[in-house]
Amino acid sequence: MAVEFRDLRWAIAASQHRSIRQAAETLRIKQSTLSRCLRSLEQTLGSKLFERTNGGTRPTMEGREFLEDARRIIGEAEAMAARLKTRSRGESGRLTIGIHTSLSAGNLRATLLEHRHRFPDVDRQFVDGASEHLISDLASSAIDVAVVADPNPNWSGKSLVLWSERVVAALPAKHPLASRDIVHWGELRREPLLMSQRGPGPELLKLLISKLGSSDPCTLLRHDVGLDRLLSLVGIGFGILLALESATGATYPGVIFREVHDAEGPTRLSFRVYWRQSNGNPLVRPFLDLIRERYPDLSADSGES
């Protein structure tokens, strides 16, 4: 039994106008064409759908039940088509983003807020982790894009240079260094430093070693916890934490942030966004386009690979 969507639409139009002539005019077809379609539909279904009188065309009891289901089917089909259209334009669906920096401040926070404003129907899911873990998740298609600090030599897919963030030291408020406007790398030597394998912790450790010229430059206190817990430990005097300026948007009791400088000024870590060329998720391209639009000086850079 083949019933086409066109037959359902035409039957609905006939019931709304209560007139074959008026329905045909609305549908921009001949009255005879609509009349034949309705009779063919009734023959296919083996049921009389309309009473035809001099006063107009009215649905029978069976016709009312049929039309109720027809409206539901048409409505669901139109909603499905609308969802597919918005998804193909990158306006709806799910986008999984790997991040390893704080969202309390900074460019990534601003970008995500703008993305949510422009694409309110996109379901954004975030995965947190160290750079290597996120790159591994990207390679296995567990995430769509990853925004991480420092270039990753193991990645063979696409990437784009983004912004950079200043390195800061989170200090206990009563620490002697908290009275300074800035902190120099050499002043961190022999200080107890809280370190995490999550987020940008590995990159910050490599930076620390390069600045102090030793594989064991400080007393490292390793903890497998997130940034908020590490900052809480700083606040109760457990040590100093190296972080990025995006972490400075939140306030933690007893914690003071100071920039870390070398002889040339503030120390910065650059960020890249990574994605797979073969990723078929239509939401990836609008996300990257938004980054290029917000930061055109970055997208004009030769850093895209």
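## Cysteines and disulfides

A disulfide is a pair of cysteine sulfur atoms within 2.5 Å. With that in mind, here is a starting point for this predicted model: the structure holds zero disulfides. Two of its cysteines can still be placed in terms of exposure. C37 counts as buried because its relative accessibility is 8%, under the 20% cut-off. C218 is buried too, at 6% relative accessibility.

## Two helices with a buried side

Let us turn to helix α6, which spans residues 131-139. Which residues of α6 are buried? They are S131, L134, I135 and L138. These residues cover an arc of only 100° around the axis, so they sit on the same side of α6. There is a general reason to expect such spacing: an α-helix has 3.6 residues a turn, so residues three or four places apart point the same way. The buried residues of α6 pack against three strands before α7, namely β3 (93-99), β4 (122-128) and β5 (145-149). They also pack against α7 (201-212) and β13 (268-275). Just after α6 comes S141, with a positive phi of about 70°.

Helix α2, residues 20-27, can be read in a similar way, with I20, A23 and A24 as its buried residues. Seen down the axis, they fall within an arc of 100°, so they line one face of α2. What do the buried residues of α2 pack against? Their partners are α1 (5-17), α3 (31-45) and β2 (56-59).

## Nonpolar cores

In soluble globular proteins, nonpolar side chains tend to be buried together. In this model, the largest nonpolar core has 43 residues. The residues with the most contacts inside this core are L162, V167, W185, L208, L242, V273 and F287. Which element gives the most to this core? That is β6, with six residues. A second, separate core has 19 residues, among them L8, L34, L49 and A70.

V273 is a good residue to click on if you would like to look around the largest core. Leaving aside neighbours within four places in sequence, V273 is in contact with V145, A146 and V147, and also with K158, S159, L160, L162 and L288.

## Aromatic rings and a charge

The count of aromatic pairs comes to two. One of them joins W155 and Y274: the ring centres are 6.3 Å apart and the planes stand at 90°, so the pair is edge-to-face. W155 lies in the loop between β5 and β6 (158-172), while Y274 belongs to strand β13, so this pair ties together parts that are 119 residues apart in sequence. Both W155 and Y274 are buried.

Another ring, that of W10, has a charge for company. The charged end of R6 sits over this ring, 4.6 Å from its centre.

## Positive phi in two loops

R28 is found in the loop between α2 and α3. Although R28 is not a glycine, its phi is positive, at about 60°. Is R28 buried or exposed? R28 is exposed, because its relative accessible area is 78%, over the 50% cut-off.

R190 also has a positive phi, near 70°, and is likewise a residue other than glycine. You will find R190 in the loop between β7 (182-184) and β8 (192-195). R190 is exposed, with a relative accessible area of 69%.

## Distances across the model

T96 belongs to strand β3 and is buried, with a relative accessible area of 11%. Which residues does T96 touch, not counting those up to four places away in sequence? They are Q125, V127, A142, I143, D144 and V145. E187 is 91 residues from T96 along the chain, and the C-alpha atoms of the two are separated by 40 Å.

D181, in turn, has its place in the loop between β6 and β7. At 72% relative accessibility, D181 counts as exposed. The C-alpha atoms of D181 and G75 are separated by 63 Å, and these residues are 106 residues apart along the chain.

Note on methods: Residues numbered from 1 in each chain as written. Predicted model: local features only at pLDDT ≥ 70, side-chain atom pairs only at ≥ 80, totals over all residues. Heavy atoms only, no water. Buried < 20%, exposed > 50% of the residue type's maximum accessible area, 1.4 Å probe, protein only. Helix = DSSP H or I, 4+ residues; strand = E, 2+ residues; numbered from the N terminus. Arc of directions from axis to C-beta. Contact = heavy atoms within 4.5 Å. Phe/Tyr/Trp six-rings, centres within 6.5 Å; stacked < 30°, edge-to-face > 60°. Lys NZ or Arg CZ within 6 Å of the ring centre and 35° of its normal. Core = buried A, V, L, I, M, F, W, Y, C linked by side-chain atoms within 4.5 Å.
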